[in-house]
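Colleague: Please zoom in on the surroundings of ligand 2 for me. Keep it informal, but give me the cut-offs as you go.

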Amino acid sequence: MEILVCVKRVPDTAENEFELNSAGNDLDRDDLVFSVNEWDNYAVEEAIQIVDNVGGSVTVVTVGDDESEEVLRREMAMGANNGVLLSDDAFEGSDGKGIASILKAEVEKGSYDLILTGAQADEGAGQVAGMLAAMLDLPYASLVNKVEVGEGKVTVGREIEGGNQEMNEIDLPCVLSIQTGINEPRYVGIRGIRKVAKVEIPVRSASDLGVDAAVIGDANAKVKRVDYFVPDLGEGAEMLEGSTDEIIETLIEKLKSKGGL
Amino acid sequence: MTQIFAYIPHQGGVAADIAFEFPEAAKKLDGAATLTAVVTGSGADLDKVANGLTSLYAEVIKIDNEALAYPNAEVVRKALLNVLDANAIVLAAHDTFGMDLCPGLSIKMDSTYVADVVDFEGVDGSLLKTVRQELGGAVSTHVTCDITAGAVVTIRPGAFAPVEAGQSGAVADKSADAGDLTGKRRFLEIVEAEVGDVDITKSDVLVSVGRGIEEEDNIEIAQELAEAMHAVVSCSRPIVDAKWLEKSRQVGTSGLTVKPKVYMAMGISGSFQHMGGVKGNPFIVAVNKNPKAPIFQVADVGIVEDILEFMPELTEKVKSL
Ligand SMILES: Cc1cc2nc3c(=O)[nH]c(=O)nc-3n(C[C@H](O)[C@H](O)[C@H](O)COP(=O)(O)OP(=O)(O)OC[C@H]3O[C@@H](n4cnc5c(N)ncnc54)[C@H](O)[C@@H]3O)c2cc1C
Ligand SMILES: Nc1ncnc2c1ncn2[C@@H]1O[C@H](COP(=O)(O)O)[C@@H](O)[C@H]1O
C-alpha cells in the first residue's frame with residue numbers, strides 16, 4: 001500500500017500566548033513556537049501501522065517554506081519512508097483550494113492507494129482533504145477513527161456526534177482525514193530526529209509540479225483572511241485576584257452559593 | 001438576486017436545532033437574499049421534517065430517495081449538485097456531516113468555501129465578509145470570500161440566534177431531479193459509543209480536566225478535589241485520546257452533553273467543540289495558567305493559576321470546611 005500523508009507546520013497552541021502585533025492586524029509572529037499539526041501525527045502513525053501490516057511505504061508531504069522541512073523530518077523520524085517539500089514563493093497566500101491544488105499536482109506525480117490528512121489544522125477549517133478528494137474524483141471520508149484495509153477497499157469508522165461511530169466501506173484509492181484518538185502516535189526522541197537529519201528531502205516548485213498558476217498564491221485566493229482581532233464578547237469571566245488563599249476563600253463562597261459545595 | 005440554500009440536518013423525523021439558526025445567519029449574510037431550506041432523506045421521516053420546516057422557511061425543497069435514508073455525504077453531494085442552482089450560496093452546519101460534505105461540494109460547484117463561520121458582516125460587491133476563529137478559539141479573524149460563482153459556508157452550531165416559527169411555506173418535491181446516486185463509499189452501520197462506569201451527565205458538579213493536567217498520574221489530583229466536593233471527574237478530548245480516562249468521561253460535541261450546576265474547567269482552553277457539550281448555563285469556574293485562554297471569555301469566574309498547585313490547595317480547604 002503506497003500512502004501519502006499531508007502534514008502542516010502550525011503555531012503550537014499549547015506553547016504560545018497569542019497576541020496581536022502593534023498594528024493590531026496580525027499575530028505577533030516573533031517568538032512563536034511551531035510544531036506539526038496535532039492531527040497529522042495521528043495520520044502518520046496510522047499510515048505507518050498500515051504499512052507495517054500490509055507492506056508498502058509512507059511518504060509525508062507539506063506545502064510550506066524552508067522551515068517546514070523540520071516537520072517532515074519529525075514525521076520521518078516517526079517512521080515515514082520519504083518526505084517531499086512543496087515550496088515556491090508563488091504558493092504564498094494560497095487559500096484552501098490553492099493548497100489542495102498544489103497537493104493534487106504532487107499526488108498525480110505518484111501512484112498512491114491512500115491519501116491521509118489531519119481532520120483539521122490551525123485555522124480550524126478541515127477543508128484541504130475534502131477539496132483534494134473532489135479535485136481528484138476520489139472517494140472521501142472525514143474524521144476517521146478506524147481504518148481496516150481490505151481487498152481494493154477499506155472499512156473506515158467516522159467519529160460522529162456523541163462519540164458514535166459511522167462505519168463505511170470505501171473504494172481505493174481514497175482520501176481520508178484522520179481524527180485524534182485513532183491510535184497513540186509514537187514518541188520521537190532527539191536520537192530519532194538525528195537519524196534522519198541527513199536524509200535528502202526533495203523540494204518541488206510550481207513549475208516542477210506543473211500546478212495551475214491561476215488558483216495559487218495570494219492574488220488568486222478567493223477566500224482571504226483580512227485581519228486578526230480580539231472579539232468584544234461582553235464582560236467575560238470575573239477574574240479572581242490576590243494570593244492563592246484569598247482566591248480560594250472567594251471561590252469557596254461562590255461555590256457554596258451556586259450549589260457547588 | 002442572491003439565493004441562499006440551507007441544508008437541514010435531521011434525525012428521527014426531527015430537524016436539528018440549527019434549522020432555527022440558519023434564518024438569522026442568512027439575514028446577516030444578505031438581508032435581501034431569498035432563503036430556501038433543503039432537506040434530503042427518505043419516506044415518512046423526511047416528510048415530517050419537510051412539513052415541519054414550512055413554519056420556518058418560505059420554501060422547502062425535499063429530495064426523497066432510499067439512497068438518502070442515511071446521510072452519506074458522497075450521495076447527498078450528488079443529489080445537491082443536480083438540484084441546486086450553480087451560483088447559489090449553500091449554508092450547512094459545521095458538524096461532522098457538514099465537514100464531510102462541504103469542502104468537496106464547493107469544488108464540484110466551482111464556488112468558494114468558508115468553514116465554521118460564527119458571524120457575517122454582509123456582502124460588499126462580490127465579497128462576503130465573515131467572522132471566524134483560529135487556533136482553537138485563541139484569535140478571531142475577518143475572512144472575505146468571493147461569491148461571484150456562489151459559495152458553500154458552514155456555520156458553527158449555536159453561533160446565531162434561533163428564530164421563532166412564523167412562516168407558512170410550501171414544500172417543493174425535487175426528488176425526480178436527484179439523478180444517479182450510486183457512489184464509491186457505502187454506509188454500513190452506526191456503532192454506538194460505549195457506556196462507562198460513571199454517568200457524568202447525572203452529576204450536579206463536575207471537576208473537568210484538560211491537557212493542562214500534563215501527566216496521567218496527575219489525574220489523581222483532580223479525583224481528590226472531586227471527592228472533596230462530592231463531584232465527578234470529567235475531561236476534555238485529549239485526555240481520552242491519551243487513554244488517561246474513558247471516553248464516557250469526555251465532555252463535548254464528540255463526547256457527552258452535560259448540564260451540571262457547577263462546571264470546574266481545570267486546564268481546559270475552551271474550544272467550541274468542548275464547550276458545545278456544556279449546556280444548561282452552569283456556573284463555570286476556569287483555572288488556567290494562560291491569562292489569554294479563550295475559556296475566560298465564557299467562564300463566570302476565572303483564575304490564572306497552575307492547576308497542579310491550585311487543585312491540591314483547594315482540596316485541602318474544602319476538606320477542612
Ligand atoms: C470534530 C471534532 C470534535 C471534537 N470533539 C471534542 C469534544 O467532544 N470534547 C473536547 O474536549 N474536544 C473536542 N475536540 C477537540 C477540540 O478541538 C480541542 O482540541 C480540545 O478541546 C482541547 O482540549 P484542552 O482544552 O484540554 O487542551 P488545550 O487546548 O491544549 O488546552 C490546555 C489548556 O491548559 C492550560 N494549561 C496547561 N498547563 C496548565 C497548568 N499546569 N495549569 C493550568 N492550566 C494549564 C493551557 O494554557 C491551555 O489553555 C474536537 C475536535 C474536532 C475536530
Ligand atoms: N500547507 C499544507 N501542506 C500539507 N498539508 C496540508 C497543508 N494545509 C493543510 N494540510 C492538510 O490538511 C489537513 C487539514 O487542514 P485544514 O484543511 O487546513 O484544516 C491538515 O491536517 C493537513 O493534513
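Modeller: By class, the shell around ligand 2 splits into 9 nonpolar, 7 polar and 2 charged residues. Here Ala, Val, Leu, Ile, Met, Phe, Trp, Tyr, Cys and Pro count as nonpolar, Asp, Glu, Lys and Arg as charged, and the others, Gly among them, as polar. Bear in mind that this is a predicted model, where local features need pLDDT of at least 70 and side-chain atom pairs count only at pLDDT 80 or more, while totals for chains, interfaces and linings use all residues. Residues are numbered from 1 along each chain as its sequence is written, chains are lettered from A and ligands numbered from 1 in the order in which they are written, and side-chain values use heavy atoms, with hydrogens and water left out.

So who is in that shell? There are 18 residues around ligand 2, and Cys6(A), Asp40(A), Gly126(A), Gln127(A) and Val128(A) are the closest; a residue is near if one of its heavy atoms lies within 4 Å.

Now the polar contacts, meaning pairs of N or O atoms within 3.5 Å. One oxygen atom of ligand 2 is 3.0 Å from an N or O atom in the side chain of Asn37(A). The backbone joins in too: a polar backbone atom of Gly118(A) is 3.0 Å from an oxygen atom of the ligand, and one of Val7(A) is 3.4 Å from a nitrogen atom. Protein covers 97% of the 480 Å² of accessible area that ligand 2 has on its own (Shrake-Rupley method, 1.4 Å probe).

Two or more shell residues each come from strand S4 (57-63), helix H3 (96-109) and strand S6 (114-118) of chain A. The largest share is that of S4(A), with 3 residues. Helices (H or I, at least four residues) and strands (E, at least two) are DSSP runs, numbered from the N terminus.

For contrast, have a glance at ligand 1, which lies between chains A and B. Its shell has 6 nonpolar, 17 polar and 6 charged residues. Among its polar contacts, an oxygen atom of ligand 1 is 2.7 Å from an N or O atom in the side chain of Gln250(B), and a nitrogen atom is 2.8 Å from a backbone N or O atom of Val251(B). There, the protein covers 92% of the 980 Å² of accessible area that ligand 1 has on its own.

Conventions:
Polar contact = N/O pair within 3.5 Å; in protein donor to acceptor, adjacent residues only side chain to side chain.
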